[in-house]
Amino acid sequence: TAYSMLALAYACASQMRWGEAADLFQEVYVARQRARQQKLIVEPLAGLLTVAMAMNDPQRLGAHLEELLRVLDESIADVALDTAECYLAALRALALVNDGRLVSVLCRAQDFLAGRRSKVAGPDAFDAIPGHREIAALAQTISECSCRNEVVSTSHAAVHASHLHAAQTC
C-alpha cells in the first residue's frame, strides 16, 4: 500500500539511502495522483524535496519546492499525517536557496500549527514534536530580529534554520 511504501521511503531516507528513498517517494506520489488523491500528495512531495536537498540536486529541489508550495497554498494538505513536517521541509528548502518567501511560508506554518494546537487537549505534548519546535524556534528568531529593528534577511533565517536542522539530525 501507499502508506507502507511511504514508511519504507522514510526508513531509507533515515539511513541516507537517497536513491531508494527518492524512488519510493516518487512511486507513492504517482500512485496518489493516479488515484486522484490530491490531498495526500503533500507527504511524498516533502520527501522528494528532502531527498533533493540531501543529494544537492538544485533542479529537482526547485521543481519539488514549487509543487509543494502550490499544494500547501491550496490548503489541501490539511489531511496529511504530518503537515508540519511538510511545512518544515519547505522552510528548509527556502532557507537553503535563500528564497524571500521564507517568512510568508513560516507565517502560514505558524497559522496551521495554531489551528492544530487549539484542537489538542495537551499543548505540552503538541510542543514536544520536533518539527513543531523547529518551526516555533525559527519564528522566534525572526520575531526577535523584528523587535530589535533588524532587517529580517532570508540569509539570517537560513542560518538559523540550518543550525536547527543540524542540531536535530545529530
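The following exchange concerns helix H5 and its surroundings in a predicted model.

Modeller: Residues are numbered from 1 along each chain as its sequence is written, and side-chain values use heavy atoms, with hydrogens and water left out. In this predicted model, local features need pLDDT of at least 70 and side-chain atom pairs count only at pLDDT 80 or more, while totals for chains, interfaces and linings use all residues.

Biologist: Which helix gives the most to the largest nonpolar core?

Modeller: A nonpolar core is a set of buried Ala, Val, Leu, Ile, Met, Phe, Trp, Tyr and Cys residues joined through side-chain atoms within 4.5 Å. The largest one has 46 residues, and Tyr 87 and Leu 91 are among those touching the most other members. Helices (DSSP runs of H or I, at least four residues, numbered from the N terminus) that each supply at least two residues of this core include H1, H4 and H8. The greatest contribution, ten residues, comes from H5.

Biologist: How many residues of H5 are buried?

Modeller: Buried means under 20% relative accessible area, exposed over 50% and partly exposed in between, with a 1.4 Å probe and protein chains only. Among the buried residues of H5 are Thr 83, Cys 86, Arg 92 and Ala 95. H5 has 14 residues, and the number buried is twelve.

Biologist: How is H5 oriented relative to H6?

Modeller: Their axes, lines fitted to C-alpha atoms over the stretch in contact, with angles from 0 to 180 degrees between N-to-C directions, come within 10 Å and cross at roughly 165°. Angles over 145 degrees count as roughly antiparallel, under 35 as roughly parallel, 65 to 115 as roughly perpendicular and the rest as oblique. H5 is therefore, relative to H6, roughly antiparallel.

Biologist: Which residue of H5 touches Leu 102, Val 105, Leu 106, Ala 109 and Ile 135?

Modeller: Contact means heavy atoms within 4.5 Å. H5 meets H6 through residues including Thr 83, Tyr 87 and Leu 94. Not counting residues up to four places away in sequence, the one touching those five is Leu 91.

Biologist: How is H4 oriented relative to H5?

Modeller: The axes of H4 and H5 come within 10 Å and cross at roughly 135°. The contact involves Leu 61 and Leu 65 of H4 and Ala 90 and Leu 96 of H5, among others. Because of that angle, H4 is, relative to H5, oblique.

Biologist: Is Lys 39 buried or partly exposed?

Modeller: Lys 39 lies in the loop between H2 and H3. Its C-alpha atom is separated from that of Leu 72 by 9.8 Å. Because its relative accessibility is 48%, Lys 39 counts as partly exposed.

Methods:
The expected span of a helix is 1.5 Å times one less than its number of residues.
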